[in-house]
Amino acid sequence: MEVIAVKNEQEMSEKAASIIAAQITDNPDIVLGLATGGTPEGTYREWIRNAAGLPLSRLQTFNLDEYAGLSPNHPNSYHRYMEEKLFRPLELRSGQTHLPKGDADDLQAEARRYEQDIQEGGGIDLQLLGIGENGHIGFNEPGTSFDSRTHIVKLKPSTREANARFFDDKEEVPYHAVTMGIQTIMESRHILLLASGTRKQEAVTNLLEGKINEDFPASVLQNHPYVTIIADEAALSGI
Ligand code: GLP
């Protein structure tokens with residue numbers, strides 16, 4: 001794993017956006033895996049700010065995950081997050097962007113359909129990832145099998161707590177989500193993981209120095225041939 005150490009969140013975002021832009025320029029048919037949460041917000045802002053001249057009309061995007069039970073229009077759905085923070089500003093067409101439907105009647109079937117769409121799209125060229133404080137990637141909580149594909153997960157109380165800041169009332173945070181599996185993520189050709197702030201210090205230390213095991217899902221990335229980690233001083237302060 002290559003580690004790019006940067007000063008702060010702003011530098012992390014600028015670096016990540018420049019890597020994404022360079023790869024889109026190299027391959028306008030790129031399939032991008034996208035993430036939500038607080039961490040990639042600055043990256044999306046920088047990508048939009050520097051989007052002039054980028055060939056955006058042919059790329060495809062697949063998001064990592066979506067909350068179960070939230071409709072695409074729900075203010076806290078990841079659909080809505082992506083629409084507002086990236087897709088609309090970049091004027092991507094709806095056929096270019098993909099997220100699992102959290103309010104599908106049959107969520108298991110939806111998970112299978114989503115996995116199939118990723119495979120039929122040729123797999124993911126560049127996957128953007130954040131990391132949960134407990135080492136989750138996507139919504140793959142500790143204990144998730146490394147062989148998993150897109151599936152339904154029960155969120156840990158600590159994950160619901162960490163994400164409650166985005167909701168008006170923490171009771172509203174869903175208990176389940178649909179997420180790409182660990183195997184799905186591992187099949188991406190290049191993984192770009194971002195981490196910023198002291199809140200992520202322990203997770204980043206574990207990711208870089210811990211043993212590979214299913215109790216710390218991100219540790220699986222040590223087995224991937226092409227991972228780039230961009231982390232700021234605060235996140236790297238435990239190394
Ligand atoms: C959320 C998302 C993850 C994200 C993580 C960290 O639960 N499902 O994709 O990486 O938690 O979030 P944040 O960037 O807000 O710290």
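**View A. Tyr-67 and its bridge partner.** Tyr-67 has Ala-177 as its bridge partner in strand 8. The model shown here and in every view is predicted. Strand 8 covers residues 176–179 and pairs with strand 4. The two run antiparallel, and three bridges hold the pairing.

**View B. The three-stranded sheet.** This open sheet has the strand order 4-8-7. Its pairing is antiparallel. Strand 4 (65–67) and strand 7 (151–154) are the edge strands. Each has a single partner strand, so one side of each lacks a neighbour in the sheet. From one strand to the next, the twist averages 25°. Helix 4, residues 107–120, lies across strand 7 and strand 8. The helix runs at about 125° to strand 7.

**View C. The seven-stranded sheet.** A second view of strand pairing shows an open sheet in the order 1-10-9-6-2-3-5. Here the pairing is parallel. Strand 1 (2–6) and strand 5 (97–98) stand at the edges. Each of these has a single partner strand, so one side of each is left without a neighbour in the sheet. Within the sheet, strand 6 (residues 126–129) and strand 9 (residues 190–195) run parallel and are joined by four bridges. Leu-128 has Leu-192 as its bridge partner in strand 9.

**View D. Leu-129 in the nonpolar core.** The largest nonpolar core contains 58 residues. Leu-129, Ile-131, Leu-192, Leu-193 and Ala-195 have the most contacts inside it. Leu-129 also ends strand 6, which spans residues 126–129. Residues up to four places away in sequence aside, Leu-129 touches Ala-35, Ile-137, Ile-191, Leu-192 and Leu-193.

**View E. Ile-185 in helix 6.** Helix 6 spans residues 182–186 and includes Ile-185. Ile-185 counts as buried because 25 C-beta neighbours lie inside 10 Å; the cut-off for buried is 20 or more. Its contacts, leaving aside neighbours within four places in sequence, are Gln-127, Ile-137, Gly-138 and Met-180. Leu-34 is 151 residues from Ile-185 along the chain, yet 11 Å separates their C-alpha atoms.

**View F. The shell around the ligand.** There are 14 residues around the ligand. Gly-37, Gly-38, Thr-39, Gly-130 and Gly-132 come nearest. By class, the shell has nine polar residues, four nonpolar and one charged.

Terms used:
Residues are numbered from 1 along each chain as its sequence is written. This is a predicted model: local features need pLDDT of at least 70, side-chain atom pairs count only at pLDDT 80 or more; totals for chains, interfaces and linings use all residues. A residue is near a molecule or strand if its C-beta atom, placed from the backbone, lies within 6 Å of it. Ala, Val, Leu, Ile, Met, Phe, Trp, Tyr, Cys and Pro count as nonpolar, Asp, Glu, Lys and Arg as charged, and the others, Gly among them, as polar. Two strands pair if DSSP finds at least two bridges between them. Axes are lines fitted to C-alpha atoms, for helices over the stretch in contact, and angles run from 0 to 180 degrees between N-to-C directions. Two residues are in contact if their C-beta atoms, placed from the backbone, lie within 7 Å. A nonpolar core is a set of buried Ala, Val, Leu, Ile, Met, Phe, Trp, Tyr and Cys residues joined through C-beta atoms within 7 Å. A residue is buried if 20 or more other C-beta atoms lie within 10 Å of its own, exposed if 12 or fewer, and partly exposed in between; C-beta atoms are placed from the backbone.
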